Amino acid sequence: MAIQQRAERTRQEILSAAARVFDRLGYERASLARIAREARVTTGALVFHFATKADLAVAVRARAREVTGVTVESACLSTEGVGGTAVDKLVITTHALIRLFETDHVARAGERLARELQPADPALSRDCPWRREVGRLARYAVAEQALRPGVDATAVATLIGYVVTGVELEMRRPCPPADALRLLADGGPQGPCVPETGALHGSAEERLRRIWELVLPGLVHPAAPPPYGSVDARRPGPTSTPAPHAPGQTPHGPAPAPASPSPTPRPQAPRTAAPDPRAQCQAPRPAPDPRAQCQAPRPAPGSTPPPRSAPRRT
């Protein structure tokens, strides 16, 4: 039992090493001796488990199909709880594949071997789990009437296959070191630094997201809801229905308070002229006493009374 376990562990180490070599060098440049050095085993031990390089390639591709199959199935199941449509599953599946290709050398090796060993084989789509799933989801999208009229499911599956393969190939392009980039930018011996026309920058998943933003408007029916997780799904657009707002809220903030009805005007009494302020400052003069005119003033004691004038004769 211990010998069998040790033999199985050696077999798995050889498979992992072969995947790294196939991923890095391709099928033609890989050799059994190089794979044996990568696995830290003798060539005889390698040949004991895998007689030829072709046997190793077949085993690596089988392992890659298992890994990608589990990834695709998990990605599709992740949208079941949120009512994901076929278009949602297409987008999420491709993102899951790109994340897998970024982190798993076995999956990348399987993709490279599939291109190099069967470049023109029509059975490639049937042999690849994620291509089969993309084709199935494209047919479901047509059945759900989620795509524009006249859009063919086969063309959609082929387009998505090109996109995924293109992003996976872009991962393999070596990035120049920082010193080389600085030298090119300064117009050094290799000439001025001219960026590639149409190249997308950023991580592989960011490139895929930008490609989907360009492709989806031409595929999705205008009346269909935006795909789950896309930019249009997070904000209402011309063809989407905005989410209901809470009471007292508007799309731009709280609703203004309703204006209170104006009170009915009351009839006002006619205004009288304001009193003259000068009249308040002048006190009324008392009328003269008529008796004062009839009473002559009495002479003081000890004074001589004035002579009386003789009455006039008429």
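**Buried core, cavities and loop residues in the predicted model**

With a relative accessibility of 2%, leucine 137 falls below the 20% limit and therefore counts as buried. In this predicted model, leucine 137 is placed in helix 8, and, when neighbours within four places in sequence are set aside, leucine 137 is in contact with Cys76, Ala86, Lys89, Leu90 and Thr93. The C-alpha atom of leucine 137 lies 8.3 Å from that of alanine 157, a residue 20 positions away in sequence.

The chain in which leucine 137 is found contains 14 helices and two strands. Of its 314 residues, 30% are buried, and the accessible surface amounts to about 22,200 Å², with 57% of that area belonging to carbon and sulfur atoms. When contacts between residues at least 6 apart in sequence are considered, 67% of them join residues at least 24 apart.

The largest nonpolar core of the model comprises 34 residues, and the residues with the most contacts inside this core are Val87, Ile98, Phe101, Trp130, Ile160, Val164 and Trp212. At least two residues of the core are supplied by each of helix 4 (53-77), helix 5 (86-103), helix 8, helix 9 (153-171) and helix 11 (204-219). Among these elements, helix 5 makes the greatest contribution, giving eight residues to the core. A second core, separate from the largest one, is made up of 24 residues, including Ile14, Ala19, Ala36 and Phe50.

Tryptophan 130, one of the residues with the most contacts inside the largest core, lies in helix 8, which spans residues 129-143. Its relative accessibility is 0%, and tryptophan 130 is therefore classed as buried. Beyond residues up to four places away in sequence, tryptophan 130 touches Val72, Leu97, Phe101, Glu111, Gly161, Val164 and Thr165; two of these partners, Phe101 and Val164, are also listed among the residues with the most contacts inside the core. The contact with glutamate 111 includes a polar one, in which the side chains of tryptophan 130 and glutamate 111 approach to 2.9 Å. Threonine 71 is 59 residues from tryptophan 130 along the chain, yet the C-alpha atoms of the two residues are separated by 8.7 Å.

Threonine 94 provides a further example of a buried polar residue, for which the relative accessibility is 1%. This threonine lies in helix 5, the helix that gives the most residues to the largest core. Not counting residues up to four places away in sequence, threonine 94 touches Ile160, Val164, Leu208 and Trp212. Two polar contacts of the threonine 94 side chain can be described: one reaches the backbone oxygen of valine 91 at 2.7 Å, and the other joins the side chain of tryptophan 212 at 2.9 Å.

The model also holds enclosed space, with three cavities of 30 Å³ or more. The largest cavity contains about 150 Å³ of space and is lined by 14 residues, of which Arg65, Gly110, Glu111, Ala114 and Cys128 lie nearest its centre. Two or more lining residues come from each of helix 4, helix 6 (105-117), helix 7 (124-127) and helix 8, and helix 6 supplies the largest share, with five residues. Glutamate 111 thus appears in two settings, as a residue lying near the centre of the largest cavity's lining list and as the partner of tryptophan 130 in a polar side-chain contact.

Attention turns finally to two loop residues with an unusual backbone angle. Most residues other than glycine have a negative phi. Arginine 40, in contrast, has a positive phi near 60°, and this residue is located in the loop between helix 2 (32-39) and helix 3 (43-49). Because its relative accessible area of 79% is over 50%, arginine 40 is classed as exposed. Glutamine 145 likewise has a positive phi, of about 55°, although it is not a glycine. The loop between helix 8 and helix 9 is the place of glutamine 145, and with a relative accessible area of 63% this residue is also exposed.

Definitions and conventions: Residues are numbered from 1 along each chain as its sequence is written. This is a predicted model: local features need pLDDT of at least 70, side-chain atom pairs count only at pLDDT 80 or more; totals for chains, interfaces and linings use all residues. Side-chain values use heavy atoms; hydrogens and water are left out. Helices (H or I, at least four residues) and strands (E, at least two) are DSSP runs, numbered from the N terminus. Buried means under 20% relative accessible area, exposed over 50%, partly exposed in between (1.4 Å probe, protein chains only). Contact means heavy atoms within 4.5 Å. A polar contact is a pair of N or O atoms within 3.5 Å; within protein, one must be able to donate a hydrogen and the other to accept it, and residues adjacent in sequence count only if both atoms are side-chain atoms. Accessible areas come from the Shrake-Rupley method with a 1.4 Å probe; for residues, only the protein chains shown count as cover. A nonpolar core is a set of buried Ala, Val, Leu, Ile, Met, Phe, Trp, Tyr and Cys residues joined through side-chain atoms within 4.5 Å. On a 1 Å grid over the protein atoms alone, a cavity is a set of points where a 1.4 Å probe fits but cannot get out, and a pocket is an open set with protein on both sides within 12 Å along at least five of seven lines; lining residues have an atom within 4 Å of a point. Grid points are joined across faces, edges and corners, and a volume is the space filled by probe spheres set on the points.
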